[in-house]
Amino acid sequence: MSDFTGVRGTVWFRALAGQASPMPGDPKSVLTADAPLGNDQARFLCVVPDPHARFPCARHGEVGLEEGYALATRVREIIELDKNTTKRPIVAIVDVKSQAYGRREETAAIFLAASAAADAYGSARLAGHPVITLVVGQAFSGAFLTHGYQANRILAFDDDGVIIHAMHKEAAARVTLRSVQELEKLAREIAPMSYDIRDYAKLGLLHKLLHVDNPENPTQQEIHAVKGELVSAIEDARNSPVDLRNRLESKGALEMRKASLRVRSLLAEQWLAEQ
Amino acid sequence: MEQLEFTYPAKRKVNKRAHVGVVGSGDLEVLLEPAEGELAHVVIRTSVNGFSDTWKAVLDRFFSKYDGAVRIQINDAGGTPGSVQLRLEQAVEASER
Amino acid sequence: MSDQRYANFINRQSFIELDARERAVALLDEGTARELVGPFDRVESPWLAIQDVTPQSDDGCVVMKGKIAGKAAVVVALEGAFQGGSMGEVSGEKMTAALDLACADNEKGIPTSAVILLETGGVRLQEANLGLAAIAELMASILALRKHSPVICLTAGTVGCFGGMALAAGLASYVVMTREARLGMNGPEVIEQENGVEEFDSSDRALIWAIHGGEQRFATGLADALVEDDTPRVAEAIRKLVLQGVPPVHRSSQVTLYRKRIENLDSSVQWDPKEFRSLWLKGDAKEETV
């Protein structure tokens, strides 16, 4: 199992927001705070492990029912507060190993809880809030779709403990009827399958890869530098369209997503020929 | 993965292209398009290696009755000779409708 | 069973037995369906052949433009029989780009809705991060389009709608299911794998449908329509929703309501799915009007 310690989220939340607490009424697994970032007051959000979470399948950092709706609430709160004023930045700090896997979760429609959070983040972006994601650890699958993947800009550390992927190695090997070694070999040759963040960066989805010597114990200097990068990303987002077209206009996309670009241009050509 | 190619003589012009099937487990996809000249070309991509003799047998039989000048592409994921025959017939039928 | 019901059953035209292309055509007004980026354009996955997986000429995604009840619409159907309907780079982009084009038409004054047929297990693992990114981008496009015109998700079976694509269903304006269909983020096998057979016995078919099945989802307000597996009825259900237009508030935006429902649940026990229906609606807050 990929090593998930579940501490990076709290470390970076505290480093960037000055504290590490949930807001009143929220589950302990969702940290929310408003703190200065550049010239803005930004809302920071993070999902962290809560061993005493109400739902037994969500006690080790999984993004579950309560987490999805708490995130949605805290993001929507900002959309409402800033309705008639400057849209403040929303920063998602991400270290999530998976969604919650449970019968209760499925019965009570975890897919909707996840959608609600993604809806909130995406709606904030469409309303003009710069939504920035900082991946400090793991960002897997449904958890990342829920918390982080709707951002205008995604930043990540270039560290072995930072992994963005659809499924953990052991499970992926099992599902595709291969050994982990075979999967790792394929992953080395096929960039979208890789578990290495530097390969992910080639796909053109990341705004920037940042270097921090030890993400679990950053220096003041490093924290200051990361804040600067977040401020740059916010500025960049503010001067760009609110949709996700930047993911297809990047250098990485031109290199690695040629088929996507072909689909887009051919579909447009044929669609417009219809009219 | 294997790519196999076969060519057969053809007499008849074909007017319409046709597409049938799905690259599902045990199934195959057939794309049939009119070709210039007096030949029928078949290109097969299959994820099940080592059956070129079987493919040849099925195609020999199919083309003993079909004389259209066509380019046929087959994308296969383990179709049986029966399903290959069926999909080819369906493609022909669709191209003659 | 009455004679009439029996006759209806025998004479029904199964929608589930249709492939993706046939399903898409069946939902559009007669004579209006035109496929875009179809098999003969051969836009395939660039990632499969190197892994000894035979690509499909349309990458398992069919884009069909046309009209529904006389109004402009696009139907995008995933082929469940190809790689489990999974989202790859190309199939994902076909769906997203189609929704973006529909959105642009709306902005030009041509109201255009989208119907997405989801028979899918989620991300195609052979394309992993491009599949996951495709889902995120699709979700963004659904959010943009649904402000203008409805985005209708139809899951009929047999594959159902699972994985990251369940979030696409969650964002839809309307969800239509048959009894045979299932909708959920995680399938029974993966739950059993992660948390044991006590948590979810993946061999218990009755349990699977009791939790993920269309009837349960409809009974718990998570699907908007439950339809018979009969093509004309399915098409009629879709037509009705297209004509209904954008709902006043989307399900995924009703955060206060759903958060309260979760808070009211006793998380210390497993719930009987039938009993859950009334647990779920017990002590509902007043409907959110955001």
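I began with Arg205(C), which I found in helix H7 of chain C, in what is a predicted model. I counted 11 other C-beta atoms within 10 Å of Arg205(C), and because 12 or fewer counts as exposed, I entered this residue as exposed. I also looked up its separation from Ser91(C), 114 residues away along the chain, and the C-alpha atoms of the two turned out to be separated by 30 Å.

Staying with H7(C), which covers residues 205-212, I asked which of its residues are buried. I noted Ile208(C), Ile211(C) and His212(C) as the buried residues of this helix. Looking down the axis of H7(C), I saw these buried residues fall within an arc of 80°, so I recorded that they line one face of the helix. I then checked what covers them, and the cover includes H3 of chain A as well as three helices of chain C, namely H6 (188-195), H8 (214-219) and H11 (273-281).

Next I went through the chain pairs. Two pairs of chains are in contact, and I found that chains A and C share the most contacts of the two. For chain A and chain B I found no contact, with their closest C-alpha atoms lying 14 Å apart.

For chains A and C, I listed 64 residues of chain A in contact with 67 residues of chain C. On the side of chain A that touches chain C, the elements that each supply at least two residues are helix H2 (65-81), helix H3 (103-107), helix H4 (110-126), helix H5 (141-146), strand S6 (163-165), helix H6 (169-175) and helix H12 (258-274). Sorting the residues of that side by class, I obtained 37 nonpolar, 14 polar and 13 charged.

I picked Asp119(A) for a closer look, which is found in helix H4 of chain A. With 28 other C-beta atoms within 10 Å, and 20 or more being the requirement, I entered Asp119(A) as buried. Leaving aside residues up to four places away in sequence, I found that Asp119(A) touches Ala72(A) as well as Leu143(C), Leu171(C), Ser252(C) and Ser253(C). Asp119(A) and Arg247(A), 128 residues apart in sequence, I found to be 19 Å apart in space, C-alpha to C-alpha.

I then turned to H12(A) and helix H3 of chain C (residues 89-107), whose axes come within 9 Å and cross at roughly 40°. I therefore noted H12(A) as oblique to H3(C), and the crossing as right-handed. From H12(A) the contact is made by Ala259(A), Ser260(A), Val263(A), Arg264(A), Leu267(A), Ala268(A) and Trp271(A), and from H3(C) by Glu89(C), Val90(C), Glu93(C), Lys94(C), Ala97(C), Ala98(C) and Leu101(C). I sorted the residues of this contact into nine nonpolar, one polar and four charged.

For chains B and C, I listed 15 residues from chain B and 13 residues from chain C in the contact. On the chain B side, strand S3 (28-34), strand S4 (39-46) and strand S5 (70-76) each supply at least two residues, and by class I noted five nonpolar, five polar and five charged residues there.

Last, within chain B, I looked at helix H1 (residues 52-63) and helix H2 (residues 81-96), which pack at an angle of about 35° with their axes 10 Å apart, in a right-handed crossing. I found the contact made by Thr54(B), Val58(B) and Phe62(B) of H1(B) and by Pro81(B), Val84(B), Gln85(B) and Leu88(B) of H2(B), which I sorted into five nonpolar, two polar and no charged residues.

Note on methods. Residues numbered from 1 in each chain as written. Chains lettered and ligands numbered in written order. Predicted model: local features only at pLDDT ≥ 70, side-chain atom pairs only at ≥ 80, totals over all residues. Contact = placed C-beta atoms within 7 Å. Helix = DSSP H or I, 4+ residues; strand = E, 2+ residues; numbered from the N terminus. Nonpolar A, V, L, I, M, F, W, Y, C, P; charged D, E, K, R; others polar. Axes fitted to C-alpha atoms, helices over the stretch in contact; angles between N-to-C directions. Parallel < 35°, antiparallel > 145°, perpendicular 65-115°, else oblique. Left-handed = near helix turned anticlockwise from the far one by under 90°. Arc of directions from axis to C-beta.
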